[in-house]
Amino acid sequence: MTDETQKTQFFQTLNSVPNGKVVTYGQLADLSGMSKRARLVGRWLKELPEGSKLPWHRVINAQGKISFPEGSEQFFEQKERLALEGIVMHNGKIKLKEYQWQP
DNA sequence: GAGATGACCATTG
DNA sequence: GCAATGGCCATCT
């Protein structure tokens, strides 16, 4: 069992997130078979190239917020992509109750 | 090998 | 509901 295997599993899970839904880091880690590795998930997402086909913008933290500093380019892009899928933010936060993916 | 860092999480006050 | 605290785990200096 290498970390590459887990990475593949993780990316596969991420790729199966439906349009209009979001997932948290911990949830993705759990679905990929690593319950306490949410930080590693964040690390992998950071490594992704911009042109990646993966829905990285559908990944938010457990507080229903985008994990980039507000005002940064990354923050803005993620917010924009989510808006295109019908996911809007209320007072800087997303309603996990409505938008969180439930496999 | 010790200490710091990070797209985090759960608990506590 | 929000901020502070401790915990987790891989990578970097």
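The surface near DNA strand C is made up of 5 charged residues and 1 nonpolar residue, with no polar residue among them. This description refers to a predicted model. The residues in question are Lys36, Arg37, Arg39, Leu40, Arg43 and Lys93. Of the atoms of DNA strand C that come within 4 Å of the protein, 64% belong to sugar and phosphate.

Polar contacts to DNA strand C involve several kinds of acceptor site. The side chain of Arg39 places an N or O atom 2.8 Å from a base nitrogen of this strand. Arg43 has a polar side-chain atom 2.8 Å from a sugar or linking oxygen of DNA strand C. In the case of Lys93, an N or O atom of the side chain lies 2.4 Å from a phosphate oxygen of DNA strand C.DNA strand B has 13 residues around it, of which Tyr25, Arg39, Lys46, Asn61 and Ala62 come nearest. By class, the surface near DNA strand B consists of 6 nonpolar, 5 polar and 2 charged residues. Sugar or phosphate accounts for 41% of the atoms of DNA strand B within 4 Å of the protein, and bases account for the rest. Two helices, H2 (25–31) and H3 (38–47), each contribute at least two residues to the surface near DNA strand B. The largest contribution to this surface comes from H3, which gives 5 residues.

Contacts with DNA strand B involve both a base and phosphate oxygens. Tyr25 has a polar side-chain atom 2.9 Å from a base nitrogen of the strand. For Ala62, a backbone N or O atom is found 2.7 Å from a phosphate oxygen of DNA strand B. Ser67 likewise lies by a phosphate oxygen of DNA strand B, with a polar side-chain atom at 3.2 Å.

The protein was also examined for pockets. The largest pocket holds about 410 Å³ of space. Its lining comprises 14 residues, and those nearest the centre of the pocket are Leu45, Lys46, Trp56, Phe68 and Gln74. H3 and helix H4 (73–84) are the elements that supply two or more residues to this lining. Divided by class, the lining of the largest pocket contains 7 nonpolar, 4 polar and 3 charged residues. Lys46 is thus listed among the residues nearest the pocket centre and among those that come nearest to DNA strand B.

Note on methods
Residues numbered from 1 in each chain as written. Chains lettered and ligands numbered in written order. Predicted model: local features only at pLDDT ≥ 70, side-chain atom pairs only at ≥ 80, totals over all residues. Heavy atoms only, no water. Near = heavy atom within 4 Å. Polar contact = N/O pair within 3.5 Å; in protein donor to acceptor, adjacent residues only side chain to side chain. Helix = DSSP H or I, 4+ residues; strand = E, 2+ residues; numbered from the N terminus. Nonpolar A, V, L, I, M, F, W, Y, C, P; charged D, E, K, R; others polar. 1 Å grid on protein atoms, 1.4 Å probe; cavity = no way out; pocket = protein on both sides within 12 Å on 5 of 7 lines; lining within 4 Å. Points joined across faces, edges and corners; volume = space filled by probe spheres on them.
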